[in-house]
Amino acid sequence: MNTEILGIIAMFVITLLLALPLGKYIARVYNGDQTLLDPIFNPLERLFFKISGINPYQEWSWQKNMIALLAINFVWFLLGMFILMNMSWLPLNPDHNPSQSAHLAFNTTISFLVNCNLQHYSGESGVSYLGQLYLMFLQFASAATGMAAAVTLFRALRKGTHKTLGNFFNDYLRSCTRILLPLSFIMSILLMFSGTPMTLEGKQQMISLQGDTTQVSTGPVAAFVAIKHLGTNGGGFFGANSAHPLENPTYFTNMLEMIAQMLIPFAMVFAFGYFIQRKKLSWVIFGVMTFGFLALAIPNVIMESQGNPIITQMGINNELGNMEGKEIRIGAPASGYWSIATTVISTGSVNSMHDSFMPLSGMNQLLAMMTNSFFGGVGVGILNYFIFIILAVFISGLMVGRTPEFLGKKIEAREMKIAMIIALLHPFLILAGTAMASSFPLYTASTLNNPGFHGFSEMLYEYTSSAANNGSGFEGLGDNTPWWNISTGFVLIFGRFLPIIGPVAIAGILGAKKYIPESVGTLQTDTATFGFMTLAVIVILAALAFFPVLTLGPIAEFFSIH
Amino acid sequence: MKKYLLPAIKLTLLSIILLSGIYTLISLGIAQAMPDNGKGQKITQNNKIYYANIGQSFTNDQYFWSRPSAVAYNAAGSSGSNKGPTNPEYLQTVQARIDTFLVHNPGIEKSQIPVDLVTASGSGLDPDISIEAATVQIKRISKIRNIPEKEIKQLIDRNIEKPLLGLFGPDKINVLKLNLALDILDQSL
């Protein structure tokens, strides 16, 4: 079999094999069970909590946990604005990079805060090493925030009635120390072995063999790239992200980064099953997510391998596939696979330029972010999926004439209202944003890098990526303007915090309700039938909301070739 | 909210010390034990130092060309062209690259030119080309350097980098390493 296809299969299988034990470990960490790293981190965490004046054993209601989440995110935001707007005179700036403008700093801070990493700057010239290190902190912190929010939901869905759902600060810190930091550390070392730099030196001069004088940017890349993937952040150290030969030097690092970004989203699904002791349910969820993922990924691998038909017509050897914006060491098939992995799980790191993908590959990337529930970002992916479970429970309850119930809790009007608002918020942000950008060509027309339908897709992609907290882009878009920085900044905030608070609120309300033991009359939610039902809800909602706008962009572009 | 802010500030500062500080310092320490001290892998030849993973611009006819680049191989930055697949201006650029290649490589059929030689890479710094991209340049280099085609073919074969473990990923050739080896071969003849 072709080695490039074999590479893709290996990436998927290895991720799954690692995610199973990791899921079990994650469940143990949040349960407070004994784990391997206790001797190192127990004393450290105790010290942190003592100094901070936090009692980690004090359990809070879901409301209090959400307030703590918002409070600490607010602190991170203020600190980020300060650092990014003052980098020029702060230390660790060997290349003398300038400070960011207020609107760029706003966009950058928000997008790292919400685990998106949209990056309207280039790492080589847009931030100092101090800026990079603070952004790296946010990559840990935002991933841990998502995981802590997911655990609040897990706690509410255990058997029985639960009014207090753990302590946010405790779950946040344990996510960092027990899961993200150790994994990042291992990965950082593997990356260094493969040639990824880890230094505080600035740009170096190099005279090429042909005699041209050029500069080479390096920096503390390995540590940054590790958490960038493990935390599904996706913000590149360099402008070209994981297409850059220092950020992703070999096929081995490409596999490593691919596995790292899908690892925790896979593992969280299994952790859910272990935590609430319903393993079958997590396999059903995993099945639906995998189906959705592969349904988008396989066509992209095929389309990118086949290449651009217009270039085939020019009469050259087009067997390598669509190589515009792609790297030889990675190849078209693995780039096509990555393009969907990074969009379903909201990493948004790229190893090839999405702007140059074939029209329908671009559409699949958009669809991956529009459905935003196949695996999803660390923690938040399962929160998004939970909304669709609630909708599916309600609809199937109506279809068979039973009271809608999920895990022994009745689902009533209030929960349904929240679920509907959150489900509709995502298309609203994307469509309203794109409509506004199209209505004010004065601010947006000159920022497009491509004419016609593809230019429209660039705008659509930017808002889709923001609303899904993804962070990849059709990067031709000249997005460092007040219009893009501010409008996507607000889409990012709404697209992050409401879809966290909504599902946690539903879970919190359900958790406080009386537990009704299952009976013959209960709708089973851990069956393939129910999995199919959830998938149908996701597909129908996405199709109804987004089909019209997709016809204006990628679908129209596709028909312009054929 | 206020009750949560002070603990949040303290926890933030401590987290930064751990996650941005200690983690970075330990990683930097480990990097010192790596070959090239974590400053990127280097190749030295004739007392000149090159980054092994950073592609270089090769436009002279006596060297194997590397791929087109949106940043002219200046690694102070990095970027792809971000041109869409149906953009007329982009398609003209590709056509122009095909025409230029044919001018510099007489005796080569259009159908022999592999797509990587006429499309820009994602980073603009791609250090590699495909085997076909090296092979199609043999004729030109053989003529200019006056080296038999067979020897250049053997040189290419020696420089092919196989897939990971022989199983995963594409075959490729590092253009810089190939050109450095070409210079040595040329001198030895």
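**Notebook: cysteines and the largest pocket**

I began with Cys176(A), which counts as buried at 0% relative accessibility. I note at the outset that the model is predicted.

I then looked up Cys116(A), which also has 0% relative accessibility and so counts as buried.

Next I asked how many disulfides a search of the whole structure finds. The search, run over all chains, returned zero. I recorded why Cys116(A) has no such bond: the closest cysteine sulfur to its own is that of Cys176(A), and at 19 Å this is too far. A disulfide would need the two sulfur atoms within 2.5 Å. From the side of Cys176(A), I noted that this residue is in no disulfide and that its nearest cysteine sulfur, in Cys116(A), lies 19 Å away.

I turned to the largest pocket and noted a volume of about 480 Å³. I counted 26 residues in its lining. Which of them are closest to the centre of the pocket? I listed Gly32(A), Pro56(A), Tyr57(A), Asn170(A) and Arg174(A).

I then asked which helices of chain A each supply at least two residues of this lining. My entry reads helix 1 (3-31), helix 2 (38-52) and helix 7 (168-193). Helix 2 of chain A gives the largest share, with six residues.

Finally, I sorted the lining of the largest pocket by class. I entered eleven charged residues, eight polar residues and seven nonpolar residues.

Notes. Residues numbered from 1 in each chain as written. Chains lettered and ligands numbered in written order. Predicted model: local features only at pLDDT ≥ 70, side-chain atom pairs only at ≥ 80, totals over all residues. Heavy atoms only, no water. Buried < 20%, exposed > 50% of the residue type's maximum accessible area, 1.4 Å probe, protein only. 1 Å grid on protein atoms, 1.4 Å probe; cavity = no way out; pocket = protein on both sides within 12 Å on 5 of 7 lines; lining within 4 Å. Points joined across faces, edges and corners; volume = space filled by probe spheres on them. Helix = DSSP H or I, 4+ residues; strand = E, 2+ residues; numbered from the N terminus. Nonpolar A, V, L, I, M, F, W, Y, C, P; charged D, E, K, R; others polar.
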